[in-house]
Amino acid sequence: MATKYEEMMKAKGFLPYCLGALPDKFIKIAKEELGETDEIRRQALEQFRKRILGDKKLKCPTHDEFLIQFLRARKYDVDKAIYMGLLKNYFNLFVSHPEIFDKLDKEKIDKLTSSDFMNVLPFRHNDGSLLLTFKIENWNSDDINIEVLFCTVTVIIFCLANYPANQICGARVLYDVQNYSFKQFRCWIPKYLTFFTKALRNNLPIRFKSIHIVNEGTVFHYAWSIVSLLLSAKIRNRTHVHGDKKEEIQKYIPKEIIPREFGGDLINYNDDDWLTKEVDKFYDEYLKMLKAFNS
């Protein structure tokens, strides 16, 4: 049963992250922005699957629920969804880094998902996009190595991309880099610099509508001067560095759904183990995908 707070947010037009059937509003967005209709979806899935099965080098799941992620991310352009980028890039992201994905440490993944390093906020933007938060100071690099961190982020993205609402409406990111240390910086630069920037550049089956960074310091500015050079112009243009002027985020996201630590009003949070439980729902499917990639 919905709480009074949830009813109030719904009255303001903010739908919860967790949805059952797709709202009519999202079906309309899919049609107008992605060109999706029942017939287009059916034909594209058939064509997409046929081309994948004809490619001996591309080994991946071919069920509808997996393939639709990539088609929606590329507005049903089958060429862009496969040969010109997304699915092949996604496939190569995993198979090119066995040192990251061959030995998954579920216990460490669970520890990170329950640390509030990354979280999914309970309400969606008016345009349907979900809100993700990252807090770099909640990552203890002495306890959880960078490989586990990358595994955790990819399995969470895998979970998010399984929901039709997220495939259609995309995501927005709030990234708090307070206390970002040189030790953390050295964990992934230069070793995984290319991996990280590729992941953000035509490699993930979810659209990032905006990225908002706050509380950056000297180490972050140095890292950003390197990373930004390797990102696509689209991602750079959608990334906003706000410093301590968190109220600027409200130009892009309503303050009612922004957490207080990011300059908003939201005080209603998920339980500490909510994200861990969400990962558990899809973890076996994630493992099956990795097995298929490496078969």
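**Exercise 1. Classify the accessibility of W224 and describe its ring pair with F220 in this predicted model.**

Step 1. W224 has a relative accessible area of 23%. Buried requires under 20% and exposed over 50%, so W224 counts as partly exposed.

Step 2. F220 has a relative accessibility of 6% and therefore counts as buried.

Step 3. A pair of aromatic rings is described by the distance of the centres and the angle of the planes. For F220 and W224 the centres lie 6.2 Å apart and the planes stand at 10°. Planes under 30 degrees apart count as stacked, so this pair is stacked.

Step 4. Both residues belong to helix α13 (residues 218-227), where they are four residues apart, which means a separation of about one helical turn.

**Exercise 2. Determine how many aromatic pairs there are, and work out the geometry of the pair Y163 and F282.**

Step 1. The count comes to 23 aromatic pairs.

Step 2. In the pair of Y163 and F282, the distance is 5.6 Å centre to centre, with 80° between the planes. An angle over 60 degrees counts as edge-to-face, and this pair is accordingly edge-to-face.

Step 3. Y163 lies in the loop between α9 and α10 (164-169), whereas F282 lies in helix α15, so the pair ties together parts that are 119 residues apart in sequence.

Step 4. Y163 is partly exposed at 23% relative accessibility, while F282 is buried at 14%.

**Exercise 3. Describe how helix α9 and helix α15 cross, and identify which residues make the contact.**

Step 1. The axes of α9 (residues 146-161) and α15 (residues 274-293) come within 8 Å and cross at roughly 90°. Angles of 65 to 115 degrees count as roughly perpendicular, so α9 is roughly perpendicular to α15.

Step 2. On the side of α9, the contact is made by C151, T154, V155, I156, F158 and C159. On the side of α15, the residues include F282, Y283 and M289.

Step 3. Sorted by class, this contact has eleven nonpolar, one polar and two charged residues.

**Exercise 4. Apply the same procedure to helix α3 and helix α4.**

Step 1. Helix α3 (residues 38-53) and helix α4 (residues 64-73) pack at an angle of about 105°, with their axes 10 Å apart. This makes α3 roughly perpendicular to α4.

Step 2. R41, A44, L45, F48, R49 and I52 in α3 meet D64, L67, I68, F70, L71 and R72 in α4.

Step 3. By class, the contact has eight nonpolar, no polar and four charged residues.

**Exercise 5. Explain why C18 and C187 form no bond with their closest cysteine sulfurs.**

Step 1. A disulfide is a covalent bond between the sulfur atoms of two cysteines. The cut-off for the two sulfur atoms is within 2.5 Å.

Step 2. For C18, the closest cysteine sulfur is in C159, at 12 Å, which is too far for a bond. For C187, the closest is in C151, at 14 Å, also too far for a bond.

Step 3. The structure holds zero disulfides. C18, at 48% relative accessibility, counts as partly exposed, and C187, at 23%, counts as partly exposed.

**Exercise 6. Locate G264 and list what it touches.**

Step 1. G264 is placed in the loop between β5 (239-243) and α15. At 10% relative accessibility, G264 counts as buried.

Step 2. Leaving out residues up to four places away in sequence, G264 touches K255, I258 and P259.

Step 3. The C-alpha atoms of G264 and I249 are 8.6 Å apart in space, and the two residues are 15 residues apart in sequence.

Conventions: Residues numbered from 1 in each chain as written. Predicted model: local features only at pLDDT ≥ 70, side-chain atom pairs only at ≥ 80, totals over all residues. Heavy atoms only, no water. Buried < 20%, exposed > 50% of the residue type's maximum accessible area, 1.4 Å probe, protein only. Axes fitted to C-alpha atoms, helices over the stretch in contact; angles between N-to-C directions. Helix = DSSP H or I, 4+ residues; strand = E, 2+ residues; numbered from the N terminus. Parallel < 35°, antiparallel > 145°, perpendicular 65-115°, else oblique. Contact = heavy atoms within 4.5 Å. Nonpolar A, V, L, I, M, F, W, Y, C, P; charged D, E, K, R; others polar. Phe/Tyr/Trp six-rings, centres within 6.5 Å; stacked < 30°, edge-to-face > 60°.
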